[in-house]
Amino acid sequence: MLKSLGGDMKKPFIILSLLLSLSMATVTDIDGNVYGTVQIGEQLWMAENLKVTHYNNGDEIPNLTNNSDWMSTSSGAYSDYDNDPANSDTYGRLYNGYTVDDSRGICPVDYHVPNYSEYIELTDFLGGNSIAGGKMKETGTSHWVSPNVGATNESGFTALGGGYRHFNG
């Protein structure tokens, strides 16, 4: 998961994954979704995109499908890729910055939104920005447009392009 560094809550968020501070093979969110994990260097990451629809206290996260609502909201919300809930099983959900920064939390217990230095540690371990993405990216063209050049998934992360929802829809 990407946390806003600039403070502008209307910027797009591309959900990548969450960092865990302790070691386990799977983790479960408040909705009962079970996620695999993968260790990369000294970090343990969720190996799937988040798809939770409730904050950790049980409050529902609003699902906004209307572009005008998404653009004008000043509170937490999520959307599904192409506004199709069936896509969340594969690609996870898209969350706005208000959701990510909400004190009620959306990450499974013991997980947190990675900070900038944790992303740098990840990319540095994988050889730097120019090649880290390919080492985390799913190979083949089941979920990527051909030719998917540079994808090796040698990290075991199996990154999928979960899309984004721009601040204006």
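Let's start in the loop between strand 6 and helix 3 (97-101), where Asn-96 has its place. This is a predicted model, and in it Asn-96 is buried, with a relative accessible area of 5%. The side chain of Asn-96 reaches the backbone oxygen of Ser-75 at 3.0 Å. From here, the tour moves on to charged pairs, aromatic pairs and charges over rings. The structure holds four salt bridges, and a search of the whole structure finds three aromatic pairs.

**Strands 5 and 6: a charged pair**

- Arg-93 and Asp-80 join their side chains in a salt bridge, with 2.9 Å from N to O.
- This salt bridge links distant parts of the chain, with Arg-93 in strand 6 (residues 93-95), Asp-80 in strand 5 (residues 78-80) and their positions 13 residues apart.
- Are the two partners buried or exposed? Arg-93 counts as buried because its relative accessibility is 12%, under the 20% cut-off.
- Asp-80 is buried too, at a relative accessible area of 4%.

**Aromatic pairs**

- One of the three aromatic pairs is formed by Tyr-78 and Tyr-95, whose ring centres lie 6.4 Å apart.
- Why is this pair called tilted? The planes of Tyr-78 and Tyr-95 stand at 50 degrees, so the pair is neither stacked, which needs under 30 degrees, nor edge-to-face, which needs over 60.
- Tyr-78 in strand 5 and Tyr-95 in strand 6 are 17 residues apart, so here again distant parts of the chain are linked.
- Both Tyr-78 and Tyr-95 are buried.
- Tyr-81 and Tyr-91 make another tilted pair, at 5.6 Å centre to centre and with 50 degrees between the planes.
- Tyr-81 sits in the loop between strand 5 and helix 2 (88-91), while Tyr-91 belongs to helix 2; the two are 10 residues apart, and their pair links distant parts of the chain.
- The surroundings of these two partners can be told apart by their accessibility: Tyr-81 counts as partly exposed at 33%, whereas Tyr-91 is buried with a relative accessible area of 16%.

**Arg-104 and its partners**

- Which residues are linked with Arg-104 in a network of salt bridges? They are Asp-59 and Asp-102.
- Within this network, the side chains of Asp-102 and Arg-104 meet at 2.9 Å, N to O.
- Arg-104 also lies over the face of Tyr-55, at 3.9 Å from the ring centre.
- With a relative accessible area of 32%, Arg-104 is partly exposed.

**Helix 5 and the segment after it**

- Lys-135 forms a salt bridge with Glu-154, and their closest N and O atoms are 3.9 Å apart.
- Lys-135 lies in helix 5 (residues 129-136) and Glu-154 in the segment after helix 5, so this salt bridge ties together parts that are 19 residues apart in sequence.
- Glu-154 is exposed because its relative accessible area is 55%, over the 50% cut-off.

**Another charge over a ring**

- Where does Lys-137 lie with respect to Trp-144? Lys-137 is placed over the face of Trp-144, at 4.1 Å from the ring centre.

Conventions:
Residues numbered from 1 in each chain as written. Predicted model: local features only at pLDDT ≥ 70, side-chain atom pairs only at ≥ 80, totals over all residues. Heavy atoms only, no water. Helix = DSSP H or I, 4+ residues; strand = E, 2+ residues; numbered from the N terminus. Buried < 20%, exposed > 50% of the residue type's maximum accessible area, 1.4 Å probe, protein only. Polar contact = N/O pair within 3.5 Å; in protein donor to acceptor, adjacent residues only side chain to side chain. Phe/Tyr/Trp six-rings, centres within 6.5 Å; stacked < 30°, edge-to-face > 60°. Lys NZ or Arg CZ within 6 Å of the ring centre and 35° of its normal.
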